[in-house]
Amino acid sequence: MFVVHGTLPVLASAADDLRAALAGLQAATRAERGNLSYQWSESVESPNTFFSIENWESRQALDEHVGTAHVQAAVASLPGWLAAAPSLVGYETPEEITLPV
């Protein structure tokens with residue numbers, strides 16, 4: 001499994017545009033082969049900071065995702081929306097662990 005965690009600090013004036021873009025990206029991504037989940041949220045502590053978490057069957061599935069038209073369109077829009085550098089970090093794991101709650 002391959003997990004990606006993103007942090008996107010955006011300009012207050014761009015928050016609505018990013019929300020709309022993420023909603024569209026989420027729907028398209030969930031339909032892709034190899035996607036296990038794609039979620040995003042807004043920080044309750046840092047206004048205009050958004051988080052994404054993606055789970056993929058493999059690195060290859062993620063690489064295919066990055067080349068799609070919907071990802072390329074979203075990436076092209078980011079420079080005008082960002083308030084600071086975004087962070088995207090990927091983690092490869094051989095297994096999923098369920099933690100006790």
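**Salt bridges and a buried histidine**

Biologist: How exposed is arginine 59, in relative accessible area?

Modeller: This is a predicted model, so to speak: local features need pLDDT of at least 70, side-chain atom pairs count only at pLDDT 80 or more, and totals for chains, interfaces and linings use all residues. Residues are numbered from 1 along each chain as its sequence is written, and side-chain values use heavy atoms, leaving out hydrogens and water. Buried is under 20% relative accessible area, exposed over 50%, partly exposed in between (1.4 Å probe, protein chains only). Arginine 59 counts as partly exposed, at 44%.

Biologist: Which residue forms a salt bridge with arginine 59?

Modeller: A salt bridge puts a side-chain nitrogen of Lys or Arg within 4 Å of a carboxyl oxygen of Asp or Glu. Here the closest N and O atoms are 3.0 Å apart. The two residues sit 4 apart in helix H2, so about one helical turn separates them; helices are DSSP runs (H or I, at least four residues), strands likewise (E, at least two), numbered from the N terminus. The partner is aspartate 63.

Biologist: And which residue of helix H2 pairs with arginine 33?

Modeller: That pair links distant parts of the chain, 31 residues apart, with arginine 33 in the loop between H1 and strand S2. Arginine 33 is exposed at 59%, and the N to O distance is 2.7 Å. The H2 residue is glutamate 64.

Biologist: Is histidine 65 buried or exposed?

Modeller: Histidine 65 also belongs to helix H2. Its contacts (heavy atoms within 4.5 Å) beyond four places in sequence include Trp56 and Val71. At 5% relative accessibility, histidine 65 counts as buried.
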